[in-house]
Amino acid sequence: MSSAPGGAAGMRSLPSWGPLQENHASVAPRHLREIFADDPGRGERLVAEAAGLRLDYSKNRVDDETLGLLVTLAGEAGLRERTEAMFSGERINVTEDRSVLHVALRMPRGRSLIVDGRDVVADVHEVLDRMAAFSRSVRDGEWTGHTGKRIRNIINIGIGGSDLGPVMAYRALRHYSDRDLTVRFVSNVDATDFVEKTRDLDPAETLFVIASKTFTTLETMTNARTAREWSLATLGEEAAVARHFVAVSTNAEEVAGFGIDTDNMFGFWDWVGGRYSMDSAIGLSTMIAIGPERFAEMLAGFHAIDEHFRTEPYERNLPALMGLLNVWYAELFGAETVAVLPYEQYLERFPAYLQQLTMESNGKHVRLDGAAVDYATGPIFWGEPGTNGQHSFYQLIHQGTHLIPCDLIFFARGLNPLGDHHDLLVANVFAQAEALAFGKTADEVRAEGVPDRLVPHKTFEGNRPTNVLMAERLDPETLGKLVALYEHSVFTQGTIWGIDSFDQWGVELGKTLAKRIVPELQATTDPELGHDSSTNALIRAYRRRRG
């Protein structure tokens with residue numbers, strides 16, 4: 001089976017592209033008011049459900065022909081074949097010659113997947129078992145610090161995928177966490193991040209989880225060394241490091257050199273991309289916070305959507321439908337962004353997590369064969385929890401000049417019942433989706449007695465598309481489903497565009513240049529600078545002001 005998608009030759013060369021353009025020409029001028037009037041049953045028909053998630057995509061600017069053509073496009077791009085290639089361990093990350101097997105991180109115990117002569121599922125569960133044993137020892141108080149005090153503070157030090165996933169998951173699942181543990185996350189090399197996260201903590205009660213595959217990541221290791229100095233300033237003895245630091249890494253030599261017992265090093269594999277790693281050993285801080293049993297529930301949620309995506313026809317396939325709709329708006333409507341709007345405070349970091357997942361994956365300017373794309377890829381993802389965003393940026397979504405497709409996420413049951421709060425929250429979800437779709441005409445505004453001079457200002461054009469995604473409640477299993485939903489949506493988009501969604505060369509150049517500039521900033525005498533005139537002037541100005 002070939003792992004190269006049909007879209008690798010260019011999305012616009014696929015047979016259904018021309019008919020899609022023709023369909024867009026007929027659909028684009030139509031308003032959702034008209035579309036619903038002509039098809040009043042679409043609100044019940046254009047709904048897909050799987051594994052407890054319900055996706056209402058009826059308020060999208062599509063008709064049945066659009067959806068049929070998008071499904072055909074997925075077939076022409078080889079989405080089914082590329083999906084099987086991913087699940088079977090083929091090296092679909094072509095620029096790094098790697099398999100892409102985050103799906104193996106949540107395969108049940110007893111499943112087998114042989115890649116390069118190893119059963120990767122067995123390897124995954126060996127690490128999960130070690131993580132579970134360690135997490136229980138911390139949660140139960142068996143693991144103590146150097147002075148014999150119980151560990152009460154967990155600080156995860158990482159960056160990128162080693163931070164965004166764990167911090168999102170911890171905040172999303174805080175309702176289920178051990179509230180006797182203080183769990184914090186340090187990622188920014190800005191000293192303020194470390195200082196503020198540790199200022200009220202006792203080093204004797206603090207455990208650091210250092211998350212870096214290579215154990216050489218500049219920001220992570222700078223913060224890790226600072227954490228080591230902070231700990232030893234109070235604990236004194238070098239032997240204390242082994243009781244207050246553990247590593248999520250594959251570099252045993254560097255881990256041991258830092259002073260961490262390699263028995264407390266939890267590894268992962270090169271077939272796990274950072275932005276797909278929150279359910280690997282990178283999730284150790286999450287597991288300590290919520291417990292191994294809850295972590296296992298989260299993995300089961302991931303796996304449920306994996307199986308749905310792998311087997312369900314695309315007409316009823318939630319990740320595929322969401323991915324195809326994103327392609328539709330990016331390519332045919334010129335939409336440059338997607339807003340993800342969770343009506344659940346615990347999901348406050350979910351949009352930020354999706355920013356890395358989506359934009360690091362599909363922010364690519366060349367196809368798999370290295371040829372430049374001649375179409376848009378990787379829309380910008382952004383968002384905030386509702387209802388806060390309604391009093392911030394929704395104005396632009398409703399009445400601005402940009403078309404911004406929105407994903408509205410909500411839950412039928414709130415985790416903290418309090419008066420009528422939850423009904424008011426959900427009412428806002430439905431109201432926003434309705435207002436965005438149908439708006440308010442000038443005649444409707446005049447009928448309310450609004451003066452003519454204000455009518456243009458109070459008219460809502462509408463015709464703004466939304467997906468409305470509902471689940472019963474936010475729990476570990478549901479969180480796993482939501483993350484997997486977007487993972488496979490991203491994969492669907494990348495396959496249509498014919499790009500490699502699993503490398504990230506774009507992050508390398510800035511890091512390389514930063515390593516060159518650091519010694520120029522720290523030199524005791526004026527260094528000879530070889531940058532452009534702007535960068536040279538900035539370095540000199542910084543050195544003067546820093547003194």
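This report describes the fold, two groups of strands and two loop residues of a predicted model.

**Overall fold**

The protein chain contains 22 helices and 13 strands. Its radius of gyration is 25 Å, which agrees with the value near 24 Å that a compact globule of 547 residues would have. Measured out along the principal axes, the C-alpha trace covers about 75 × 60 × 60 Å. Of the 547 residues, 54% count as buried. Among the contacts with a separation of 6 or more, 74% are made by residues 24 or more positions apart.

The exposed surface of the protein chain comes to about 23100 Å², and 49% of that is supplied by carbon and sulfur atoms. As for charge, there are 55 positive and 76 negative side chains. The centres of these two sets lie 4 Å apart.

**Strand β12 and its partners**

Strand β12 covers residues 406–411, and six of its six residues are buried, so the strand is largely enclosed by the rest of the structure. In a regular strand, side chains alternate between the two faces of the sheet. In β12, C406, L408 and F410 point one way, while D407, I409 and F411 point the other way. The residues of both sets are buried, and the acidic residue D407 is one of them.

Strands of a sheet pair through backbone hydrogen bonds, either parallel or antiparallel. Which strands pair with β12? One is β10 (residues 337–342), which runs parallel to β12 and is joined to it by four bridges. Another is β13 (residues 466–471), paired with β12 in the parallel sense over six bridges. D407 has a residue opposite it in each of these strands: V340 and, in β13, N467.

**The five-stranded sheet**

Five strands form an open sheet in the order β6-β5-β7-β8-β9, with parallel pairing. Its edges are β6 (182–186) and β9 (265–266); each has a single partner strand, so one side of each is left without a neighbour in the sheet. At the β9 edge, the pairing with β8 (residues 245–248) is parallel and consists of two bridges. V248 has F266 in β9 as its bridge partner.

**Two loop residues**

S88 lies in the loop between α5 (79–87) and β3 (114–115). D202 is found in the loop between α8 (191–198) and β7 (206–211), and β7 is one of the strands of the open sheet. Are these residues buried or exposed? S88 is partly exposed, with a relative accessible area of 33%. D202 is also partly exposed, at 23%; the cut-off for buried is under 20%.

Leaving aside neighbours within four places in sequence, S88 is in contact with L113 and V115; V115 falls within the range given for β3. With the same exclusion of residues up to four places away, D202 touches K149, N153 and W230.

The table lists one C-alpha separation for each of the two residues.

| Residue pair | Separation along the chain | C-alpha separation |
|---|---|---|
| S88 and V255 | 167 residues | 32 Å |
| D202 and G414 | 212 residues | 35 Å |

How values were computed: Residues are numbered from 1 along each chain as its sequence is written. This is a predicted model: local features need pLDDT of at least 70, side-chain atom pairs count only at pLDDT 80 or more; totals for chains, interfaces and linings use all residues. Side-chain values use heavy atoms; hydrogens and water are left out. The radius of gyration is taken over C-alpha atoms; the globule rule is 2.2 Å times the number of residues to the power 0.38. Buried means under 20% relative accessible area, exposed over 50%, partly exposed in between (1.4 Å probe, protein chains only). Contact means heavy atoms within 4.5 Å. Accessible areas come from the Shrake-Rupley method with a 1.4 Å probe; for residues, only the protein chains shown count as cover. The place of a charge is taken as NZ of Lys, CZ of Arg, CG of Asp or CD of Glu. Two strands pair if DSSP finds at least two bridges between them.
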